[in-house]
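Thank you all for coming; I would like to take a few minutes to walk through one model with you, and I will go from a local detail to the contact between chains and then to a whole chain.

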Amino acid sequence: MVRFPIKFAPQNLRIFGLIVVLICVLLFFATQIHNYLNKDLFIRVSTSVAIMALIAIGQTLVILTRNIDLSVGSVVGFSAFFLGGLLTRNPNINPLLVVLAGVGFGSLFGMLNGLLVAYANVPSIIVTLGTMALYRSSLVQFSGAKSISTASLPQWLVSLPQMNVISVGGYDIRVTFVITLVVLLMAHFALTRLRGGRHFYAVGSNPAAARFAGINVNWTVFLAFTLSGALAGLTGFLFLARFGNITVVAGLGFELKSVASAVVGGVNIFGGSGSVIGAFLGAILVDVLDTSLVRWEVISEFWREAVLGALILLSVTADTLLSRKLLAISLKRTKSTQEQMATFQDSLTTRKGP
Amino acid sequence: MTAPNGNSSNPTRRLKLLMSWEGFLLAVLCLVFAVNASMSHAFFTVANQINLFNLSIEKIIVALIMTFIIINGEIDLSVASVMGLSACTFGWLYHAGVSAGLAIVIVMGVGFVCGAFNGFFITRLGIPSLVVTLSTLIGYRGLARVLVEDRGINQFPEWFDALGQQPLLGPFPLSLIIFFVLFIILGFVLHFSGFGRRVYVIGNNAEAATYSGVDVAEIKMKLFIASSTISALAGLLFAARVGAVRGDVAQGFELDIITIVLLGGVSIFGGSGSLLGTLLSILIVLSLRNGMDLANITGHIQTGLIGLLLILSVLIPNARIYASRFLQAKPS
């Protein structure tokens, strides 16, 4: 049996493995691409991860409860468009109100998903596959086939992506990245320390048991979808700030990337296990691969999607096999403990016997 | 069904038929037909009906095999990407100098391999089909893009284009004939063969099926191979019909295909549904789209409505269950 110097929970093992893979990928591309590991890479990845990680966190909350949210891409697009339209018409709105509007707007969509999944018992894959199309077509209808352009947006929003919180030796920590980090830490704290957060895991591990334990399963699922929608709404705000020019295809394909980030980050697709930190690292890995493959001259950039697909499959396979192995080890351990107990009991009874 | 001598069991039987999902679909179909026919006299002409089938022929061919997959309790999200990959592989091979006939054979082989690849991860490694086919949805599409990059490939041999665009037998084009032949064969397999029964048993309770000596892995493997192979065929038909391929061929078709199957009364949890239901649902969706075209409703809204339909197709049966539970609970 393998003994680790530190006692690793499977969760930490996954994150540890992910960091190792990430470092390997970075080192590999450093040998392949000239002038690769520099501050530009850091800035590029951190700004784009700020967007993807947010929806990956929302997706993680949903996947933890044994569901999936495929509508996030459409919600991001709609929210970006909605906020863009709002700001074009009233450029003097308080920035905080704009953020809140985005979050509120997104959570409305999330609530609709949550209602259908939690209270109408429609499987989440059906609901969100349907609402993905429904929200997108509503967006097309709402927009009247027009698009939002940077010129019509207020200056504070356009300059937001370039704003730094702090810059250490040229390594700029952008505001958007910090927003994502704050959300990440809040979500991590809630999931690991709060009772309501633990409910997500309980519901995903065994819905029936969770119900018997007095957990309001429907409410937890509803909450997960609402939060996912809210985060997608917030992402819409960051998306609008970063790109400025928004068309009706904004956020297309984000749903798959967010699922990919979560799954690559070790969030179990069966629900009940995984962490937002993992999903965050997953988002970084996916993004590093994405940006690096474009710059890698050996293969054409068209390999990006194929590599992404292979990466998801690989990480899910590794995760499944690993967790099965861990389960077998822990079962063996319990079994041997049980045997010891049995022999102990036997010895007791024999001693008592005449 | 319309027995002249009404004995006591007949009204309940008639009611049962009416209350069955297929009966409901039939009623909806009649409604859609009536509305469409009132909007346009051209609706019931043979040319319009064939045209209506022809426009979505690739989707409805794949919907037939998707019925098997979902009854089996699995899902295959990669079908549209396999269609795209097969169409792009064909274009790529043909322009690399391979003869069209050989390219078709190779493409069907590619479909087979794609299915076996999906099946391997699902049956041998026990990874849920949702995840496997979600990643191959991205992966196969990626391979298609690698092959054609951002070009469009056209100028296929004339006979190939003609097969997709011109009627072959009477007014029927090849793809429509393939659809009906497949429908008959698959209907026979699903409803009148041991294999079909096993598909249902696995969908109802895979564990019980295993203990009854059913080789679950083998049947699932066969289904996923069949799904991808038929999708590859559908991809070829698409290439022939449109006469050109691009990296985004058939993108997003999985939504329509799954919607058709679920609307046809196949349970997403597996174990129930019928090919007849799928056929009725195909007719409804096609006529609905046709009707929306006649009413000048754009494609984007159509997609949204299809999404709505997908949710309703599960919501309505659920509501019926609640309603019957409520009615039963009341007297006691």
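Let me begin with a pair of residues in chain A of what is, I should say at once, a predicted model: Ile166(A) stands opposite Ile173(A), the latter belonging to strand S2(A). The two strands concerned are S1(A), residues 164-168, and S2(A), residues 171-174, and they pair in the antiparallel sense over four bridges. Between the strands of this hairpin there are two residues, and Gly169(A) takes a positive phi near 55°. As for its surroundings, S1(A) is hardly covered, since the count of buried residues among its five residues is zero.

Turning now to the interface, 36 residues of chain A are in contact with 35 residues of chain B. On the chain A side, helices H5 (124-143), H11 (254-264) and H13 (303-352) each supply at least two residues, and the largest share, 13 residues, comes from H5(A). If we sort that side of chain A by class, we find 24 nonpolar, ten polar and two charged residues.

Finally, chain B as a whole, which has 15 helices and four strands. Its C-alpha atoms fill a box of roughly 75 × 55 × 35 Å along the principal axes, while its radius of gyration is 21 Å, which agrees with the value near 20 Å for a compact globule of 332 residues. Of those 332 residues in chain B, 45% count as buried, and among the chain B contacts with a separation of 6 or more, 78% are made by residues 24 or more positions apart.

Definitions and conventions: Residues are numbered from 1 along each chain as its sequence is written. Chains are lettered from A and ligands numbered from 1 in the order in which they are written. This is a predicted model: local features need pLDDT of at least 70, side-chain atom pairs count only at pLDDT 80 or more; totals for chains, interfaces and linings use all residues. A residue is buried if 20 or more other C-beta atoms lie within 10 Å of its own, exposed if 12 or fewer, and partly exposed in between; C-beta atoms are placed from the backbone. Two strands pair if DSSP finds at least two bridges between them. Two residues are in contact if their C-beta atoms, placed from the backbone, lie within 7 Å. Ala, Val, Leu, Ile, Met, Phe, Trp, Tyr, Cys and Pro count as nonpolar, Asp, Glu, Lys and Arg as charged, and the others, Gly among them, as polar. The radius of gyration is taken over C-alpha atoms; the globule rule is 2.2 Å times the number of residues to the power 0.38.
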